[in-house]
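User: Hi! I'm new to this one and would love a quick tour. Could you pull it up and walk me through it?

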Amino acid sequence: MNDTPPDTQEPCLAYLVTPLLDETTAFLPSLEKALRALPVAAVRLRLAALAPEKLTELIQPIRDIVQSHDVALILDGLPKLARETGCDGAHVPASTASEARRLLGDELQLGVSCGFSRDDAMRAGEDGVDYVAFGPFGTEPNDEGLALVRWWREMMELPVVAECCAVPGNEMDTSAKSLAKWADFLAVGIKPDGEALEEFWHAPERFAPLFA
């Protein structure tokens, strides 16, 4: 397999993944900064387990900021609420794709986490998802995972997200650079364990070289 993407391949865009939030006011400036610093295609909003009315209250200010930048707001794990609150779509595990599509409707976006399973991704495609996500990738090289992303990008029309933990610095993490060469979207903002990647939210502009 050629290590160099074709010249006609569209550049990778940022797909932001928020920390798990139980309030959003303090997070809004960090989100606004990231939206201004990077070429962002979508934001996946992760919310704590709260009452539906509280979740709706949290979603509104995030939605307003994200959509004002002409960026899609994807709600994590709550397809019915995503439809009811004016989000642009939802993100769920691959195993629940069919039910999520039913709850979300046909007009909104649906993405799925597939781990490193090609079979799960292909089944999700049959269930009508709009993108698949592979990962999470850590800071160590993952040749098999990278090969899966490259294979999917070359062979499938369905867009692919690589869920990545990039490390900023003079030399951007090698794993992140490789993934950005092949994925349609590079997911940044959290660590592989789901905790916030504070380096990103404090200085998102340092990640811009990944999307050059």
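Analyst: Happy to. One term before we start: two strands count as paired if DSSP finds at least two bridges between them. By that rule, β6 and strand β7 (residues 160-164) are paired, with four bridges joining them in parallel. Keep in mind that this is a predicted model.

User: Okay, which residue of β7 stands opposite A133?

Analyst: That would be V161. To get from β6 to β7, the chain passes through helix α6 (residues 143-155), and this β-α-β crossover is right-handed.

User: And what sits on the other side, how is β5 joined to β6?

Analyst: Strand β5 (residues 109-113) runs parallel to β6, and three bridges join them. One of the partnerships is V112 with V132 in β6. Here the chain crosses through helix α5 (residues 118-126), again as a β-α-β crossover that is right-handed.

User: Is β6 mostly covered or open?

Analyst: Mostly covered: of the seven residues in β6 (residues 131-137), six are buried.

User: Zooming out, what do the eight strands close into?

Analyst: They close into a barrel, with parallel pairing, in the order β1-β2-β3-β4-β5-β6-β7-β8. On average, neighbouring strands of this sheet are turned by 25° against each other, direction ignored.

User: How many bridges join β1 to β2?

Analyst: Six, between β1 (residues 13-21) and β2 (residues 40-47), which run parallel. Among the residues involved, V17 has R44 as its bridge partner in β2.

User: New topic: how many residues does the largest nonpolar core have?

Analyst: It has 65 residues, and L16, L31, F134 and L186 have the most contacts inside it. Helix α2 (residues 52-68) gives the most to this core, namely six residues. There is also another core apart from it, with 11 residues, including V161, F185, A187 and I190.

User: What is L186 in contact with, leaving aside its neighbours within four places in sequence?

Analyst: Its contacts include L13, Y15, C164, L179 and F211.

User: Last thing, how many aromatic pairs does a search of the whole structure find?

Analyst: Seven. One of them is Y15 with Y131, edge-to-face at 5.7 Å centre to centre and 70° between the planes. Y15 lies in strand β1 and Y131 in strand β6, so the pair ties together parts 116 residues apart in sequence. Both Y15 and Y131 are buried.

User: Why is the W151 and W152 pair called edge-to-face?

Analyst: Their ring centres are 6.1 Å apart and their planes are at 65°, so the pair counts as edge-to-face. The cut-off for that label is over 60 degrees. W151 and W152 are both buried. Ring pairs also link F27, F200, W201 and F207 into a cluster.

Technical notes: Residues numbered from 1 in each chain as written. Predicted model: local features only at pLDDT ≥ 70, side-chain atom pairs only at ≥ 80, totals over all residues. Heavy atoms only, no water. Core = buried A, V, L, I, M, F, W, Y, C linked by side-chain atoms within 4.5 Å. Buried < 20%, exposed > 50% of the residue type's maximum accessible area, 1.4 Å probe, protein only. Helix = DSSP H or I, 4+ residues; strand = E, 2+ residues; numbered from the N terminus. Contact = heavy atoms within 4.5 Å. Right-handed = clockwise from strand over helix to strand, strands pointing away. Axes fitted to C-alpha atoms, helices over the stretch in contact; angles between N-to-C directions. Phe/Tyr/Trp six-rings, centres within 6.5 Å; stacked < 30°, edge-to-face > 60°.
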